[in-house]
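This report describes one protein chain under a few short headings. Please keep the sequence and the structure in view while reading.

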Amino acid sequence: MVFESLVVDLLNRFLGPYVENLDASQLKLGIWSVPILTLFAKTKLIQKTRLIQKTRLIQKTRLIQRTRLIQMTRLIQKTRLIQKTRLIQKTRLIQKNRLIQKTRLIQKNRLIQKTRLIQKTRLIQKTRLIQKTRLIQKNRLIQKTRLIQKTMLIQKNRLIQKTRLIQKTRLIQKTRLIQKTRLIQKTGLIQKTRLIQKNRLIQKTRLIQKTRLIQKTRLIRKTRLIQKNRLIQKTRLIQKTMLIQKNRLIQKTRLIQKTRLIQKTRLIQKTRLIRKTRLIQKNRLIQKTRLIQKTMLIQKNRLIQKTRMMQKPYIQYFL
């Protein structure tokens, strides 16, 4: 009994602050039984399990955060690539338009130069033909005058008549030549006016084409700006939805954590109650067993006394 009291005092001193709901009376009853050690071991296991669960929850949350950050970075990279590609496409279109404009201007200048050269060549050819015709006419006139002078000596009267006729013919020829030159000048002016009109029409058509191209480019820019704004709005909506989903997931995780903690506390309470009930049942069983043992000892003592009482007359008889 002295040894048991010493062990109980030591356990109360050293295990008291570490074990919950520790009673000295229960230790005295069950000092040599195993449940006291099992209680201490179970408390340590519960603490270890709690720490392991906390670490696992922290690791899960970190993994979720990392995955979300990776998704966000990928979305940002995709948007940047799309913007870069659009800028490259814009620059290419601008360069193409500039090259087209340059080529058109070069073609215009070449056409103008060609038309001018053609006009110059035509004028030169016309002037040469006119000069040739005049020289031919002059030579013919010279020959005719010589013949007329020869004939003038023979027939004066005839020559006078002939000279009159020749003068008339000359006047007619001169008038015809004047008319021809005027017609040639008129045709040259008409051709010049036609060429000017053609150039003006070409310039007008080109201006119309330029205006149409400018309008098309403006429409394309407007459409691209609208598409950009729509994409920006879509990205913003996606970001908002992602944030809402994040908040919902965080709320869900918090609720799950709260529910798990509540369930854990309830389980701990249940386990404690079960342990208390088991300890009470064990104590009751121990008390019952002790009472039974006591009764058995009393019965044994009584039987021993009875046997002794019964043996005494036999011993006296034999003595």
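## The second largest pocket

Helix 3 supplies ten residues to the lining of the second largest pocket, which is the largest share. The model shown here is predicted, and the pocket is described as it appears in that model. The space in this second largest pocket comes to about 530 Å³. Its lining has 19 residues, and those nearest the centre are Thr79, Gln83, Leu231, Ile232 and Thr235. Two elements, helix 3 and helix 4, each give two or more residues to this lining.

What classes of residue make up the lining of the second largest pocket? Nine are nonpolar, four are polar and six are charged.

## The cavity

How many cavities of 30 Å³ or more does a search of the whole structure find? The search finds one. The largest cavity holds about 30 Å³ of space. Here, too, the elements that give two or more residues to the lining are helix 3, residues 35–154, and helix 4, residues 156–318.

The residues lining the largest cavity are Arg104, Lys108, Arg206, Gln209 and Lys210. Helix 4 contributes the most to this lining, with three residues. By class, the lining of the largest cavity has four charged residues, one polar residue and no nonpolar residue.

## The chain as a whole

The secondary structure of the chain consists of four helices, with zero strands. Read from the N terminus, the order of the elements is α-α-α-α. The chain has 319 residues, and 5% of them are buried.

The surface that the chain exposes is about 29,700 Å², and 61% of this area is supplied by carbon and sulfur atoms. Among contacts in the chain with a separation of 6 or more, 70% are between residues 24 or more positions apart.

## Two arginines in helix 3

Arg68 is part of helix 3. Is Arg68 buried or exposed? Its relative accessible area is 16%, and the cut-off for a buried residue is under 20%, so Arg68 is buried. Leaving aside residues up to four places away in sequence, Arg68 touches Lys246, Leu249 and Ile250.

Arg134 also lies in helix 3. Its relative accessibility is 44%; this value falls between the 20% limit for buried and the 50% limit for exposed, so Arg134 counts as partly exposed. Where does Arg134 stand with respect to Leu177? The two residues are 43 residues apart along the chain, and their C-alpha atoms are separated by 9.3 Å.

## Confidence in the model

The mean pLDDT of the chain is 81, and 85% of the residues reach 70 or more. Which elements have the lowest and the highest mean pLDDT? Helix 2, residues 24–29, has the lowest, at 49, while helix 4 has the highest, at 86.

Over residues 28–37, pLDDT stays under 50. For this stretch the model has 13 contacts beyond four places in sequence. Predicted coordinates should not be read in detail where pLDDT is low.

Technical notes: Residues are numbered from 1 along each chain as its sequence is written. This is a predicted model: local features need pLDDT of at least 70, side-chain atom pairs count only at pLDDT 80 or more; totals for chains, interfaces and linings use all residues. Side-chain values use heavy atoms; hydrogens and water are left out. On a 1 Å grid over the protein atoms alone, a cavity is a set of points where a 1.4 Å probe fits but cannot get out, and a pocket is an open set with protein on both sides within 12 Å along at least five of seven lines; lining residues have an atom within 4 Å of a point. Grid points are joined across faces, edges and corners, and a volume is the space filled by probe spheres set on the points. Ala, Val, Leu, Ile, Met, Phe, Trp, Tyr, Cys and Pro count as nonpolar, Asp, Glu, Lys and Arg as charged, and the others, Gly among them, as polar. Buried means under 20% relative accessible area, exposed over 50%, partly exposed in between (1.4 Å probe, protein chains only). Contact means heavy atoms within 4.5 Å. Accessible areas come from the Shrake-Rupley method with a 1.4 Å probe; for residues, only the protein chains shown count as cover. pLDDT is the predictor's confidence in each residue, from 0 to 100.
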